[in-house]
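Me: Please take a close look at a single part of this model and describe how it is put together. I should like a connected account, with the cut-offs behind each term stated once.

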Amino acid sequence: MTAPTFQDTVFALKKYWSDRGCIIQEPYDVEVGAGTMAPETFLRVLGPDPYRVAYVQPSRRPADGRYGENPNRLYKHQQLQVILKPSPADVIDQYLGSLTAIGIDLSKHDIKFEEDNWEAPTLGAWGIGWQVMLDGLEITQFTYFQQCGGFDLDLVPAELTYGLERISAFLQNVDSVYDIEWAPGIKYSQVRFQDERQFSKYNFELADIKMLWQLFDLHEKECQRLLSTTDVVLAAYDQVLKCSHIFNLLDSRGAISVTERVGVIGRVRRLALGVAKAWMAQTEYAQTNPPDAAQEVVA
Amino acid sequence: MSLPFVLEVGTEEIPDWMIVPAMNQLQDMFQALLDQNSLAGKVSSADATPRRLVLKAAGLIDRQPDTDELVSGPPKSAGPGAAAGFAKKLGATPDQLIVQTTAKGEYYFLHKRTQGQATAAILARELPNLILKIQWPKTMYWNGKGSQRFIRPIRWLVALLGESVIPFEIGGVRSGNATHGHRLLGKTSILITTADFDEQLRTNGVILQAEKRRDKIETEIAGLLDGKNLRIKPDPDLLHTLTYITEFPSPILGSFDSQYLELPSEVLITVMRHHQKYFSVEDSQGNLAPHFIAVMNTNADPEGLVRHGNERVLRARFNDARFFWQQDQKKKLEDRLSDLKNVTFQAKVGSYYEKTQRVVDLVKLLGGDSNTQRAALLCKTDLTTDMVKEFTDLQGVVGGLYAKAQGEPEPVWRAVYDHYKPLSMEGEIPSTAEGRVLSLADKWDTLASCFSVGLAPTGSKDPFALRRAAQGVVRIVVEGKVKFDSPGMPPDLEEFMRDRVEYYFRDVRNFAYDEVRACMAAGWRDLIDLESRLKRVQAIRPTPDFEPIAASFKRIKNILKQAGFTEISAVDESLIEPGPERRLYDEFQRTSGQSLESRITPLRPKIDLFFDKVLVNAPDPAVRKNRLTLLHRMLQEFSDIADFSEIVTERSSS
């Protein structure tokens, strides 16, 4: 049996989760550091409505770039994000089924669930879970969300985040992500090497620090304006994502000092909590059940 | 009737390090439940894997014994109305009452018989609370806001008394007699009895007893290495982790390219140990060998796929480490100093750059030579290296290795390498004088700066590991013989350090608690001096005259306290009475300047006689004052060694 291509693996996972009631979404089109930040996760996990969604999310982490020279590190990697809200009782069995669906014969491999609790202070979010290890390789982050945007969650969603490059490299038995076969006859390097090289250069050397600070301030103001004077929560949330990405860029440029750092994280966090609060307020539920996190949001 | 009991709480994977403490609680709580309800029975085993907590007990009775109680009522003189009321309250009729004569007269009584409840009913009622009462470091909810919390979701429950199910429910899961096997090797919904439970689990890929899993790992590792002239680096903590992260552990032997052995073994071992949970393998000379042992949670690796996968991951990790090593060498440690301005030590305290400045100053204050000062300057710079960002456990070690590679003299790089030591109570302290001074300065700065912004540990919370830092300070000073006069301490830090010093000498060095208290009462800031005084007191403690003298000192202290005596003046010889007082005074003067050890024996009978024959509280105020002065001086002269009144003696405690 030949190993599946990168895109075959993506297709198989999407099909698998589609068969289990997930909406298949496309990647969110604003820069994010992780699939969790896309509104399909950050906002949809809030409130009492069930939701199931799966999508690939290209995730940008400027500081992780290595100019295309490191076989395992990428400035931008692809996550397959699955949200099952509420989590079904057989969620782990369903997850293991997805591994079978992409061609992993579990009877010949070693699977372990190792404690790994997830926390994103800038999003006021945390959860309990594991990293899933396949023959010693971390292939998935599995999290039961407990809090998001400072709110205790009404329904506990299970979040499955598959590291697609790692899984593909494993399935194809290659040591470098750049050697992954993306489509028949097409390597990952042909598709993505230039991104890695050029964006590493931009993120570490070229990005205009002064401009980034200005952009940060502008997006922050826009978010605050939208939250205080309008009801367009989704547009406000885009501004949070912009701020978050700009923060990461400034960080990779080494432009954030120790004293500034905590403060800037706090600014992004306040915006994110404000958006979550506004989103909750827009559901009838929130009007009859004042959120526990209200004080924290104001603070 | 004597019944066996079995409880299994089936969960999703519980973190390995939480399992044993949880089982201890469950076992204790269940035994208490049996005892409090007079259900007989003893817990016979408490076993667990990451997916199940299993408690077994034997000898339970099927019903609580009935109890018979004689309840006293109103006096007979209160009349039949009161008697009827009493009977009614207890659900009886007046004709069931009896009259008995007590010391206070005639009273109504009722033999109240309470029927015991069925054991199954009691357990069905109590088990859910019991299970949910286990204390975990961090819990979660999974059925929606406000629902029950546990460490991970509960997915099945087995509860049998004899062969009957004890019915209860937690979070929508009902108890039954069906267990689940290993995720990949077993079936789900396996019907069990109390008798065949272990066997059923075993045939479904679960070894229930941790001890057996541990044995399997150890035996099979020995088999894998047999005849190869190799051994694993012993690692009890890792063995424990692997025992509790698996239901059916099977070790495999993997290899890596020997070219990676060029990297420092510290780095290779950390990658294997902390990132991959592998045992390192060494040859008979103790040199790292290009092999590792991984422990699978399954029965076999017939096609070698698991070994291949693990080797592939390790190769990638080692490649990363080599890449970091090469990258990091491009910028020398001393050129990284200003980068420390961007590394937070503690948000309220500031950056590692500022910490470095303080540690350098402190090293100078401690008399550290130029090598030690150089090491202090470099010691935190490795925090800016890729290697330490990736392998944080290696902070210090990496700095030392880089300093060595960059041509720093051995006293410098060794001090940097060692400066986080001791890493635990048992861990070794830095091996060189430079390392000890640096480590001491670094730890003391951490303590002083955290306390200065109110970050003292509270209860079990010690996020900055200040207890460990303080323990390190104490051990380095005492065991490394570093002269250390701690600079001024705020009262909370002083109290904190005092506790750590007391803990160290009492619980780590095993000095008697009263000796520690006595010696510390005479001063504890100079720890080397304190240790030597403790050793002296410990040595003279068993001598026959010591405890009597200690008891006398307690008496002296009480007398002075009662008299409110604090005045310090010379003893007036002319007021000394001949006889016992004179003899005590002369002996005291004669032995003045001699060691404590040589004074005890001659003084003891004189003191005893003095207290036997002489009235301290003499009618003449001048005489009384003179006697108090004498006692006060005696107390003073010995008190630079210890406050002997703190010594617990048979005489003083009676």
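Reply: Two strands are taken to pair if DSSP finds at least two bridges between them. Helices (H or I, at least four residues) and strands (E, at least two) are themselves DSSP runs, numbered from the N terminus. The model is predicted, so that local features need pLDDT of at least 70 and side-chain atom pairs count only at pLDDT 80 or more, whereas totals for chains, interfaces and linings use all residues. Residues are numbered from 1 along each chain as its sequence is written, while chains are lettered from A and ligands numbered from 1 in the order in which they are written.

The part chosen is a sheet in chain B. It is open, consists of three strands in the order 4-6-5, and is paired in antiparallel fashion. Strand 4 (67-75) and strand 5 (98-102) of chain B form its edges, each pairing on one side only. On average, neighbouring strands of this sheet are turned by 40 degrees against each other, direction ignored; for such values, axes are lines fitted to C-alpha atoms, for helices over the stretch in contact, and angles run from 0 to 180 degrees between N-to-C directions.

Strand 4 of chain B and strand 6 (residues 105-114) of chain B run antiparallel and are joined by seven bridges. Within this pairing, B:Glu69 has B:Lys112, in strand 6 of chain B, as its bridge partner. Helix 2 (residues 80-89) of chain B packs on the sheet, where it touches strand 4 and strand 6 of chain B. The direction of this helix makes about 150 degrees with that of strand 4 of chain B. Contact between two residues here requires their C-beta atoms, placed from the backbone, to lie within 7 Å.

For the setting, the domain assignment of chain B lists five entries: domain 1 (3-63 + 118-203), domain 2 (67-114), domain 3 (210-328), domain 4 (339-535) and domain 5 (543-653). These bounds come from an automatic or database domain assignment. Domain 1 and domain 2 of chain B have C-alpha centres 45 Å apart.

Turning to the partner chain, 34 residues of chain B are in contact with 36 residues of chain A. Strand 7 (140-141), strand 18 (288-296) and helix 8 (305-328) of chain B each supply at least two residues of the side of chain B that touches chain A. Helix 8 of chain B gives the largest share of that side, eleven residues.
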